[in-house]
Amino acid sequence: MPVAENAPPVRSRLRAEIPDRFKWNLHDIFESWDAWQAAYAELERGIDKYAQLKGSLSQGTEQLLAAFRLSEQLGQLAYKVWYYPSLLYDTDQRDNTVNARRQQVQILFARWKQAESWFNPELLQIPLETIRTWMDGNADLAVYRFAIEDLYRQQEHVLDEAGERLMSLASRLASSPNDSYWALSTADAKFPTITLSTGESVTVSYGQYRAILATRREQADREKAFVALHETYKASLNTYATLYNGVCQRDWFQARARGYATTLEAALHGDNIPPSVVENLIETTRQGVAPLRRYHQLRRRVLKVPSYHVYDLSIPLVTFDKKYGYDDVLDWIVDAVAALGPEYQARMREGFAGGWIDVYENDGKRSGAYSAPVYGTHPYMLLNYTDTLDDVFTTAHEMGHSMHTILSHETQPFIYSNYTIFVAEVPSTLSEALLLEYMLARSTDPIERAVLLQHAIDNITGTFYTQVLFADYELRAHRLAEQDHPITADILTEIYTQLLKDYYGDALDLNELTGLTWARIPHFFNSPYYVYQYATCFASAARLAGEISGPNGASARTRYLDLLRSGGNDHPMEQLRKAGVDLSQPDTVRAVVDQLDDLVTRLEQELAKL
Ligand SMILES: [Zn+2]
C-alpha cells in the first residue's frame with residue numbers, strides 16, 4: 001500500500017505556521033466575537049422568557065407547544081454559543097480570555113437549568129391521557145410524543161415534592177467519593193521515580209506508566225513501572241476501598257430511595273435497557289474466554305518472557321514505525337466505507353475537504369481526539385495526528401461519530417437529534433472495522449499485516465473483554481452492598497483477582513499487586529455501570545459490519561443508515577433491534593468471541609511468516 005517513504009518534514013508546533021487546511025474553521029459558527037456576544041445575549045433573554053412560562057402548561061396544547069418550541073430554540077442556540085469558545089479554547093488551553101468566555105457560558109447554562117426546572121414536574125401534573133388527546137389533535141405537538149411518553153414512563157421513580165427535595169439535598173454528597181478519589185489518586189498522589197535499564201530516570205505518573213508498558217521492550221522495565229505505580233495504590237488501599245464502598249452505598253441508597261430493585265436496574269432505567277442485557281453480556285463473555293487465553297498464550301511465546309503479567313499485555317509483538325501521512329490515508333478511509341454507498345462517501349469526503357478538522361498538534365492544544373456535534377453548522381473534529389497507525393484509526397473513528405451526527409441532525413427534529421452513548425460508539429467502531437478489513441485486503445507487507453491484526457485483536461480485548469470484566473466487577477461489588485455484605489480492600493482485591501483468573505486462566509501469571517488494580521480504574525469511581533456500553537456497542541458494530549460486507553449487504557446497509565438517521569427518536573435497544581441487532585441474545589455477543597478466534601488464527605499465520 002502507498003505509504004510515505006520518507007519521514008515527513010518536522011512540523012511546526014506554532015499554530016500560526018500550520019496551513020489553514022489542517023485547521024478547523026470556527027467562522028462557520030460565528031463570524032466574530034461580536035456575533036457570539038449577540039447570540040449569548042439572545043440566549044440569556046430566552047432563558048428569562050422560558051422561566052416566565054411557568055404555570056402555563058395546563059392551559060392547553062398551544063401553551064405546551066410554545067414551551068417546547070422555545071426550549072428547542074434555546075437548545076439550538078446553545079450549541080453554537082458553547083462550542084465557539086470551547087473549541088477555540090481546545091486549540092490553545094493557555095488562553096485565559098477564551099477560557100473566561102467558556103466559563104461564562106457554563107455559568108449561563110447552570111442558570112438555564114434552574115430556569116427550566118419547573119417544566120417536568122408541571123407537565124407530569126397533567127394526566128397522560130389529557131396530553132395524548134392534545135397530541136392526537138395537533139400534529140406539531142405529536143412530534144414530541146416519544147419524549148413526553150418517556151417522561152411519564154420514568155415518573156414511577158420520581159418521588160413526591162418532599163422526597164425530591166431530600167434527594168436533591170442529598171445529591172450534594174453524592175460526588176464526594178469520586179471527588180475524593182481524584183484528590184487521592186491525582187492531586188495528593190506522590191508518583192515514584194524509577195531508573196530504567198537504559199539509565200534514564202522516569203517519574204511514573206499514569207501517563208508515563210502507559211507509555212512504558214506500550215514501548216519498553218525490556219520486561220524488567222515494564223515490571224519496575226508496574227510495581228512502582230501500584231505500590232502507591234497499595235499504600236492507600238484501605239482508603240480506596242472505603243471510597244469505593246461509598247460509591248456502592250450511594251448507588252444503593254439512590255436506587256432504594258427511588259424504588260428500584262437493584263443498582264443495575266436503577267442505572268439502566270433511563271435508557272430503558274433491561275438488566276438482562278448486562279447479565280447476558282457477562283455470562284456469554286465468560287463462556288467465550290478461550291480465544292482471549294489463546295491470544296495471550298501466543299503473546300507469551302512470541303515475547304519469549306519467562307512469566308507473563310498484566311504489564312506485558314500491551315507491548316506490540318513486532319517493532320513497527322511506519323509513518324502514515326494524513327493526506328495519504330483520507331482516501332483509504334473513504335474507500336473503506338464503499339459498502340455504505342456513494343452518497344455516504346461523498347458526505348465523508350466533504351468533511352475531509354477542510355474546515356471541519358483540526359489535524360495536528362500545536363503548543364497549548366488539548367490532547368486526544370473527539371468529534372463535536374455543533375448543531376446548525378457541521379461536526380468539528382479534534383485530532384492530534386502524528387502519522388502513526390493508531391492515528392489513522394482514530395481519524396476513521398471520529399469520522400464515524402461525525403457521520404452519525406450529520407445523518408441524525410439532518411433527519412430528526414431537534415429534540416431527537418442527539419443520540420445516546422448506548423448507540424454512539426457503534427458507527428465509530430464500525431468505521432474502524434471497515435478500515436481494518438480494507439487495509440488488510442491491500443497490505444502485502446507481513447509485518448504491517450501482523451500489526452493490523454494485532455490492532456484489531458487489541459481492540460477486541462481492550463474494548464470488549466476488559467470492559468466486560470470491569471462490568472462484572474462493578475456488578476459483584478454493588479451486589480455486596482445490596483446484600484448488606486461488608487466491602488473492604490481484601491474483599492475487593494479477592495473479587496478482582498478471581499475475575500482475572502476466570503477470564504485469563506493460566507494465560508496470565510498473577511503477582512501480589514495484580515489483584516489491587518481495581519483501585520487504579522477511574523471509571524469505577526466516577527461512572528459506575530458505564531463501561532459495559534463499550535462492549536455492547538462493539539458487539540453491535542461487529543454484527544453490523546459483518547452483515548454489511550456479507551451477502552445481504554444492501555438490506556444491512558439500509559438498516560444501518562436508518563439507525564444513524566434515527567438519532568435519539570426511540571430507546572436505544574429498540575433502535576438497535578430495528579437495525580437487526582438483538583443484544584438480549586447470546587448469539588450477538590458470541591459473534592465477537594468468534595471474531596477474536598478468527599483473528600488470533602490469522603495472526604498466528606502471519607507471525608509464522610516472519
Ligand atoms: Zn468514540
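## Strand β4 and its partners

Let's start with strand β4, which covers residues 370-373: Tyr370 and Ala372 point to one side, Ser371 and Pro373 point the other way, and all of them are buried. This is a predicted model, so please read the details below in that light.

The neighbour of β4 is strand β5 (residues 379-382); the two run antiparallel and are joined by four bridges. Looking at one of the pairs, tyrosine 370 has leucine 382 of β5 as its bridge partner. Five residues lie between the strands of this hairpin, and glycine 376 takes a positive phi near 90 degrees there.

## The sheet as a whole

β4 and β5 belong to an open sheet of three strands, ordered β3-β5-β4, in which the pairing is mixed. Because β3 (357-358) and β4 each have a single partner strand, they stand at the edges, and one side of each is left without a neighbour in the sheet.

On the β3 side, the pairing with β5 is parallel and spans two bridges. Here aspartate 358 stands opposite leucine 382 in β5. Leucine 382 is also the partner of tyrosine 370, so this residue of β5 links to β3 as well as to β4.

## Proline 275 in helix α14

Moving on to a helix, proline 275 is found in α14, which covers residues 275-287. How buried or exposed is proline 275? Its relative accessible area is 24%, which makes proline 275 partly exposed, since buried would call for a value under 20%.

Setting aside the neighbours within four places in sequence, proline 275 is in contact with Leu264, Glu265 and Leu268. There is a long-distance relation to note too: serine 584 is 309 residues away in sequence, yet the C-alpha atoms of serine 584 and proline 275 are 9.5 Å apart in space.

## The whole chain

Stepping back, the protein chain holds 26 helices and five strands. Its C-alpha atoms fill a box of roughly 75 × 60 × 55 Å along the principal axes. The radius of gyration is 25 Å, which agrees with the value near 25 Å for a compact globule of 610 residues.

Of the 610 residues, 51% are buried. Among contacts with a separation of 6 or more, 75% come from residues 24 or more positions apart. The chain exposes about 27,100 Å², and carbon and sulfur atoms supply 50% of that area. As for charge, there are 58 positive and 80 negative side chains, with the centres of the two sets 2 Å apart.

How values were computed: Residues numbered from 1 in each chain as written. Predicted model: local features only at pLDDT ≥ 70, side-chain atom pairs only at ≥ 80, totals over all residues. Heavy atoms only, no water. Rg over C-alpha atoms; globule rule 2.2 N^0.38 Å. Buried < 20%, exposed > 50% of the residue type's maximum accessible area, 1.4 Å probe, protein only. Contact = heavy atoms within 4.5 Å. Areas by Shrake-Rupley, 256 points an atom, 1.4 Å probe, with all protein chains shown as cover. Lys, Arg positive; Asp, Glu negative; His and termini not counted. Charge placed at Lys NZ, Arg CZ, Asp CG, Glu CD. Pairing = 2+ DSSP bridges.
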